[in-house]
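Me: I'd like to learn how to read disulfides in a structure. Can you walk me through it?

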Amino acid sequence: MTARRSSRHPRTYPVLLVLFLLTLGVQLVRTSSEFDPYKILGVSRSASQAEIKRAYKNLAKEWHPDKNKDPKAEDMFIKVSKSYEILSNEERRSNFDRYGQMDENQPFGQSQHHGFRSFHNSFYFDESFFHFPRSRDFADSKYLLHHAQFNSDVLPDSHKRPYLIKVTSEWCFACIHIEPVWKETVQELEPLGIGIGIVDLGYERRLANQLGAHRAPSIIGLVNGRVTFFHQAVVRDHLRQFIEDLLPQKLVEKVTDNNYQAFLNNWHSENKPSILLFDLVPFASLMYKLTAFAFRDYVRFGYVDQGDTQNNRILLQFNINTYAPTMLLFKEDTEKPVDIIQARGMKRQIMDEFVSNNKFLQVPRLVNQQLFDELCPVKQFHRRRKYCVLLITGEDQALLQGNKAFLDFASMNSKEVLRFAYVYQRHQQPLCQALLHNQAALQPQVVILERRSQAGRVLFRSVSGGWNGSEEDKYHLHEQLELLQKDPTYLTSDTTLPELNNEMAPIFIIQWINAAYDYILQVYDDLLYSNWREMMPILSLIFSALFILFGTVIIQAFSEPGESKPRQPKPKEQPQTEDDASSRANTTSRPPKKDFVEVTELTDLTYTSNLVKLRPGHINVVLVLTNASKTALLRKFAKEVFSFSGTQNLHFSFLNADKHRHWMPFLLHSTSAMQDQGEDEESSDYSGYVLALNGHKKYFCLFRPVFTGDDPNDSSSDASFSSDSRRKSRSRSRSSSHSRSRSHSREDGAVGKKGSGRATSIDVHHKLDRLGLWMERLMEGTLPRLQVPAWPILEEATNNFSAES
């Protein structure tokens, strides 16, 4: 039995192997037929390009690896990009619809091999598992960037041309996937003058960190030293548009019949020649924009659409033919171009040579040191001597004729060894003082100089007689130049020139705004695409500053000025009832928050809100006054209650007894009627009375004016009675609040009877002398409370009181 079993195993292995190969073959065929760009994008086979583009944008946003953390997001994003690349190209889409073919370079005869190639392109291996090195294309080696090379060459050169940099690594499958599109893009953009670079993430980690690239593949744009990441699908058109968007916005100005004269006449203020490109397309080409970017410091660039009907006048004036693009270069003469170039399929090299030969005006103005160095270079060899003929002049209208004559002279005597320029004495005073021996030029002066060193050493000679632009001046200057070419020792003076002022430099605020704008754009880009590794320090700093700022504001808003001072320990207080909470909220007054006291008049409009519907726990302190005593009592009242105005549950008002003369008697009558029907509380003068009204609990505390003078007849009795009444009120048992209020009402009524006869004898300014002590007792909660059944209405107080009397 054992021998038989062992004999069956060798025959079982081939069968299993065949079954495995068949299963794998079926899987190959099934996988090859699964890739359908229409299904991936979710569009029908008759979908338009707009529908395909719309579906691609939505899916690209959904499956972008930076936004979607799903492990399958990268593979899905690659499929979406590949599908859009096929369907966006009509030729590839047609091949796929007819033959199921995705490669536009595959001939029809090879379509039978498409299934296997489709599987090969769709079956993804994990390169991190196998760890096999990818052989680098030999053509890419010339684009490899190193850290030192990038900082010394590429970074400064990015101010003259943009760079497109790819970040890759040895074992990056996605890098292999975008390789064909990258090569096509390089072949298209490199002839236009765009710099190309490749950074290996494994070997140039320092350079990758400087660029902010932490994953492969990444595509970066570099313009003016600023790094910008590419976040769209890797398609050739997207990469081209990405580079075009990185360029400054106003490199090329659109010129029409309405503004071409103003464009050409700006040579004087801009101190630059002007170039006009005539073409039949509506917008300037990328190559022309790149040329404008490279020479933006020297030349102004304009574009004229020949197909626009608004440009007929400019086409007729300069006799422009429409069969080929035409470039015209203008200098000081805006009616006639100094150079013309016209060619089909114009190359970048031709444009650069055309512009570089005409970078300067015939007589440019020295506005900065860079222009001076290029226009009048330092002598290096005897055969390369160049002399600079400099006119020191001004901006006055009277000098324009002489300046124009100097320009005509330069046009007639242009030579390789002579460079003509002028300078405004007011803008370049250090330079002019060095050449004129610290003497101000009363009239324009011509100086011939030769630079000998970069440190500023020059040999020069001033032309005698000045410059007025006359024929005699022109003849004399011509003789001096002839002598100079025959005898180089003609320049006898020697000096060292200071560095020129930069007249075209923007002011500091504009530089700061531009820097802030670039920084905000960078922060927005990092936030939009979640570059958290670079943004984390900035966000941490911002949130820390905001936390400290708002924390300080909140603490100050909820704190009182006196809370920082140490407080003395308070003795233990007796347990308080809920009724006492409103009057005993604060045993000590808080410092006032304002330097004045707000006192509101009780009228028909404010009576309900300030008394009847007053919030629970709040007390309204009301001063009763008349028209005659209003000013004096209000001043005294504000002085006495000022120290209590910081308490939040106290409000201050006044009641005019002349306007509402029966309200006070009615209030006191209703209170006494409830306590003792036989007492009469009516008085002739209530000015100086103060009421502490609790609108919610319907009770009040009463203050009556007390005479504090030296009258022997009244003061002793008043003082004794006041002291006796105070001792009696404090010694009362608190077991019954009703009996306490009744007893105090009687005592206060007695005081009222006794004091009513001398009310007229108390001066107005003395009526509130003891109000401060009364307010302290009010805050302590030791004043007697007089209950009222309801608050009287101001309008009804008169009628009700008259009926009862």
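Reply: Sure, let's go through the disulfides and then the burial of some cysteines. Keep in mind that this is a predicted model.

Me: How many disulfides are there, going by the sulfur distance rule?

Reply: The general idea is that two cysteine sulfur atoms within 2.5 Å count as a disulfide. Here, that rule gives two disulfides.

Me: Which cysteine does Cys172 form a disulfide with?

Reply: Cys172 pairs with Cys175, and their sulfur atoms sit 2.2 Å apart. That is within the 2.5 Å cut-off, so the pair counts. You can also look at the twist: the link of Cys172 and Cys175 is right-handed, with 80° about the S-S bond.

Me: And which cysteine is joined to Cys376?

Reply: That's Cys388, at 2.4 Å from S to S. This pair links distant parts of the chain, 12 residues apart: Cys376 lies in the loop between α18 (369–375) and β10 (387–393), while Cys388 is in strand β10.

Me: What pattern do the disulfides follow along the chain?

Reply: Count the bonded cysteines along the chain, and the pattern reads 1-2, 3-4.

Me: Is Cys172 buried or exposed?

Reply: The general idea is that a residue is buried when its relative accessible area is under 20%. Cys172 has 6%, so Cys172 is buried. Its partner Cys175 is buried too, at 1%. In the other pair, Cys376 counts as buried at 3%, and Cys388 is buried at 0%.

Me: What about Cys432: buried or exposed?

Reply: Cys432 is buried, with a relative accessible area of 2%. Cys701 counts as buried as well, at 4%.

Definitions and conventions:
Residues are numbered from 1 along each chain as its sequence is written. This is a predicted model: local features need pLDDT of at least 70, side-chain atom pairs count only at pLDDT 80 or more; totals for chains, interfaces and linings use all residues. Side-chain values use heavy atoms; hydrogens and water are left out. Buried means under 20% relative accessible area, exposed over 50%, partly exposed in between (1.4 Å probe, protein chains only). Helices (H or I, at least four residues) and strands (E, at least two) are DSSP runs, numbered from the N terminus.
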